[in-house]
Structures are given as C-alpha cells and as structure tokens.
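Thanks for coming, everyone. I'll keep this brief. Have a look at the model on the screen.

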Amino acid sequence: MLELEHGFRVVDVHARLEPDEQRRPRDGMGDPEQLEREMHQAGVVRSVVFPGERDGSYLKANNAVARMTVERPMVAFARVNGARDPGSGPGSALRNLASSRTDDHTSPADIEQYAYDDRFYGFKLHPPTDGLPDDEVLAELESVSLPVIVHGGEGFPPETVAESLLSYDFPVILSHFGAHPLRQDLMERAIDLLAAHDNLYLDTSAVRYRGPMERAVLEHPDRVLFGSGVPSVHPNVAVMEILTLDVPEDAMRKVFSNNPNRVIEALAP
C-alpha cells in the first residue's frame, strides 16, 4: 500500500503481536518487523502492543512481547486473565459462585510485578476469551492505576463493562467502541456511557461506521483514542477512516495523539 502523508503525529493504542511464529495465520502477520513497517507506512510513530489469545497463563507471552518492543517504537501491555465468567445471566452467576483463581490465572502479585516492571505500561483484558479477573485482582489494578484496554462487544457489552469495571479508579479503554463485531447499537450504547463515566475511553479499532465515530468525536472529543486493530486491519485503512470523518482538524489531532498521550504516558513524545 502507498505511504500516507497526512501531517499528524499518530499513535496507536491497539495492535496485536504474536511471538510464536507457528501461531501466525500467515507469514509476517503479527510479527514486529511487519508491524513496524506498516506503521511507518501509515505515519504511526508509536503503538501499544499485546499478545494474542492463549490457553493458560499469559506470563511467557507477555514477556516475549515485551522483548519484541526493545529498540522499537512499541509499548507493551500485559494481557491478563481471570476465572470469572463475564456474562450477566443467571448461568454466569452460578458458575462464578464455584469459580476460583488457579495458577494459570493472573494474581494480584502478577499485577504488581507487571506494574513495577519498566517494560509494561498497562494491561489488556479480553473477558469473553480469557475470563474476568476477580475482585482482588481488579482492586490491584486500581491500586497501580495503569490504563486497561478492554475488548468490548457481544460477549462483553457496554452495560456489563460499566457494571464490572467502571466503579474502579483506573482508565478503561474500551476497544472497537464496545461493539465487536460491528454492532452499531452497541457503539451507540458505549458512547452513551461516556457522559456518566470519566474514566472511560473508546478506541477506534475496527469500528468502520462513520456515524458513531463522528458522534463520539464531536460530543466527547477528549475521550476517543485511535486504535488500528493491526494485524486484522492495515493501519493505512484505520488512519484513513479517521482522516475522512467530517470533524474539525483539531478533533482529529486529539484522536490521533493528544488523547492517547494523556491516557498512556509512554506514548507521548
């Protein structure tokens, strides 16, 4: 794809790396060299990265991703898991009564170690895939107060995000406008939550619909963060989706850099 020229300083809060070459869906997809090349092509100067899905503990994958960021314009987030079912129905409640943390699940001590390791700058939660951490782990996330990127969508809708996470005092960056896969009604409900929760932010990864993005940027210009969704989405495409919005240039600058820089200090110049 052609190299973009847009004049903005762009940082990306949503990129996935795969440290195990055997797990990459095709050659290059998810490796740091390709990510760095594609980001440069799109004019992205720094990216938040985290590992893809794993069974069991994320300790090795997190450490591998952190090593991949050395001397690269990348910022590692530690992916964490939990024993709780993220659903809100009676079946989930019943399962959670019998659930308990095991050695494969992230513990409060793990959170503390990640937080004070100078290689990690935040956390990644994917409750539909990895489960939801228990109250002790969430309390430790509040104690270290680093930003947490949360997968949002059908398996973990905006109302459940609010009920489970937004009472804690740490920044929550809700991916995909809380609407994976492309549920416009969930996007609108996630935007509605911004008025009531000062610690909630939305990232633009794989959103696609102009209407919700324009609404969020115009109504809450300080709460939308650019995320590409690499490797599923090429960063050129993600950047162009913001550049083609009918919003002021100053608002674009906030989405591309000012907002991410404020929420994730490691992305700042």
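Let me start with a question: which residues of helix H1, residues 32–42, are buried? They are Pro 32, Gln 34, Leu 35, Glu 38, Met 39, Gln 41 and Ala 42. Before I go on, remember that this is a predicted model.

Look at the spacing in that list. An α-helix has 3.6 residues a turn, so residues three or four places apart point the same way. Now, what do the buried residues of H1 pack against? Three strands are involved: S1 (10–17), S2 (44–51) and S3 (74–80). Two helices join them, H2 (59–68) and H10 (235–243).

Next, the ends of H1. At the N-terminal end, Asp 31 acts as the cap. One of its side-chain oxygens lies 2.9 Å from the backbone nitrogen of Glu 33. After H1 comes Gly 43, and its phi is positive, near 80°.

Now the sheet. It is open and has eight strands. The order is S1-S2-S3-S4-S5-S6-S7-S8, with parallel pairing. S1 and S8 are the edge strands, each pairing on one side only.

Take S2 and S3. They run parallel and are joined by three bridges. Val 48 stands opposite Val 75 in S3. Helix H4, residues 108–115, packs on the sheet here, touching S3 and strand S4 (120–125). The direction of H4 makes about 140° with that of S4.

Let's move to the other end of the strand order. Strand S6, residues 172–174, runs parallel to S7, with three bridges between them. Ile 173 is opposite Tyr 201 in S7. What links the two strands in the β-α-β unit? Helix H8, residues 184–194, and the unit is right-handed.

The chain then goes from S7 through helix H9, residues 210–219, to S8. That β-α-β crossover is right-handed as well. S7 and S8, residues 224–225, pair in the parallel sense over two bridges. Asp 203 has Leu 225 in S8 as its bridge partner.

Last item: S7 itself, residues 200–203. Are its faces covered or open? Both are covered. Leu 200 and Leu 202 are buried on one side. Tyr 201 and Asp 203 are buried on the other. In a regular strand the side chains alternate between the two faces of the sheet. So keep two residues of S7 in mind from the pairing: Tyr 201, opposite Ile 173, and Asp 203, partnered with Leu 225.

That's my part. Over to you.

Technical notes:
Residues are numbered from 1 along each chain as its sequence is written. This is a predicted model: local features need pLDDT of at least 70, side-chain atom pairs count only at pLDDT 80 or more; totals for chains, interfaces and linings use all residues. Side-chain values use heavy atoms; hydrogens and water are left out. Buried means under 20% relative accessible area, exposed over 50%, partly exposed in between (1.4 Å probe, protein chains only). Helices (H or I, at least four residues) and strands (E, at least two) are DSSP runs, numbered from the N terminus. Two strands pair if DSSP finds at least two bridges between them. A crossover is right-handed if, with the strands pointing away from the viewer, the path from the first strand over the helix to the second runs clockwise. Contact means heavy atoms within 4.5 Å. A polar contact is a pair of N or O atoms within 3.5 Å; within protein, one must be able to donate a hydrogen and the other to accept it, and residues adjacent in sequence count only if both atoms are side-chain atoms. Axes are lines fitted to C-alpha atoms, for helices over the stretch in contact, and angles run from 0 to 180 degrees between N-to-C directions.
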